[in-house]
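Here are my comments on the model, set out as numbered points. Please read them with the structure open beside you.

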Amino acid sequence: MSSRRWSPLTCLGTTKLSPSGLIQLESDAGEVETQCRTNCELRYEGSGSLPKPVDNSSGFTDFWTAIDVNLSCHVTTHRIVLVDEKESIAGSIPYPLVHTAEGKGGPSFRSPKASYKIELNTLAWGELLIVFRGGERHPYSQSGKDRDAALTAIHRALKRKAWEDRERQAAKEAARPSQTITARKVGVDAIMTKNKLLLKENANLAETAFGGNNKTTKHVSKKKGNQEDIDAFMREATPLLKVIQKYTSTIERERKAAASSNNDAAKQHNDTEKLVAMLENMGMTSALSEKQSGSMYHKQLARQIVDFLRHNDKLNKAGGMMTLTDVYCLFNRARGTNMISPDDLLKALDLMKDLGLGMSRRSFQSSGVLVIQDDAFDDEVMAKKLADLASSSMKQKAEPTDDIGGITVIDVSRTLKIPALLANEQLQSAEQMGWLCRDSTIEGMRYFPNLFQAATSC
């Protein structure tokens, strides 16, 4: 096993990453990502070196490196996360351990091009510096904007103290009418009363979160009013997430019950799918805009798309590939109002292969149809599956007067549950590989097993 480097990043608190490399937010605590910047450095300003983390499962080198380069800096409501995408290493600095955060550096008479930095005085690691190098275009001017945006987000998070919401939420939960009133009742009456109050409280919660603060609208500027709406939504983010997670757990239970029992399986499946559609329309919990992500926007977008398609095996259930129009519609519906443009989707797909995310864009030569495809998808396996489907259609003939067999585009689309456009492309690909042959008639196109291929293999 190779040794891990000993540096400020590896000495920070460990942070879990998703399969595509995105940081996994603490949704139970209502954590939300607010800023993301790339091309950053992490420096340790103290004397000597930081102590090695107590981790028996992985060894560290004996050589201390005081600087980590080529990092991405993510600012959330609960912590600062620094990620080395190349080595898939992430470290976090929780806000309760941050004493002060100040902006340093910038141009001066002696150093016209001094780097822009954020100096963090922490309780656990001493003085740390986050240096911003800017984007690929105009790096120096961009570095100043990146530093200011990140520093503003950090100051706002330190002022709000969202990590204390869990205690406040526990006290608020205990004082809810659904908890206090039902404590005085028993039996069926208590259950019915509690359910009615919970529905009413959830409705008021959504109205408060999305309606903002409407009590004091006089003599308030537009900018201040917008900030109050944002603050009101952030205050209610944790209860909203709990409501969503409750419905998510309900979905999983329904799916497991439908899989283990055949009785009323169709009805349960339909009800579950309606609930899934409802939740998808509610939007994603983390969807940074281009302004919040900066030059890292399309990389983050590519990782979000991959995680979205891997969730609940959306891509595998679609046969290993999906058209760009389907991905565009599904992903934008999940994002809610913060939708992406077709150009952003194409740019994100172009980056997937270089990032090694396990998905990539593919163009069919015959029709020019663009799809997003799993790298594990094998055309040979799909062609063999279509050949078996065509062979089974020939065996289903009971009498000579029955249908001549073979499969059509509609048959494949219905059986594999894929769009007819993709079914046509798969059939043509299987024909070119020698697994199928076709018969063109006035009734349409039918594909049959290639008996010459079968005879050759025998």
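**A buried acid and an open sheet**

1. Asp344 is buried (under 20% relative accessible area, 1.4 Å probe, protein chains only), yet it has no salt bridge (a side-chain nitrogen of Lys or Arg within 4 Å of a carboxyl oxygen of Asp or Glu). Its nearest side chain of opposite charge (Lys and Arg count as positive, Asp and Glu as negative; His and the chain ends are not counted) is that of Lys347, 5.3 Å away.

2. Please bear in mind that this is a predicted model, in which local features need pLDDT of at least 70 and side-chain atom pairs count only at pLDDT 80 or more, whereas totals for chains, interfaces and linings use all residues. Residues are numbered from 1 along each chain as its sequence is written, and side-chain values use heavy atoms, with hydrogens and water left out.

3. Asp344 lies in helix 13, residues 342-355 (helices are DSSP runs of H or I, at least four residues, and strands are runs of E, at least two, numbered from the N terminus). Leaving aside neighbours within four places in sequence, Asp344 is in contact (heavy atoms within 4.5 Å) with Tyr297, His298 and Leu301.

4. Elsewhere, eight strands form an open sheet in the order 2-7-6-5-3-10-9-8, with antiparallel pairing (strands pair if DSSP finds at least two bridges between them). Strand 2 (13-14) and strand 8 (98-105) stand at the edges with a single partner strand each, so one side of each is left without a neighbour in the sheet.

5. Strand 5 (residues 67-76) is mostly covered, with seven of its ten residues buried. Strand 5 pairs antiparallel with strand 3 (residues 33-44) over seven bridges, and with strand 6 (residues 79-84) over four.

How values were computed:
Buried < 20%, exposed > 50% of the residue type's maximum accessible area, 1.4 Å probe, protein only.
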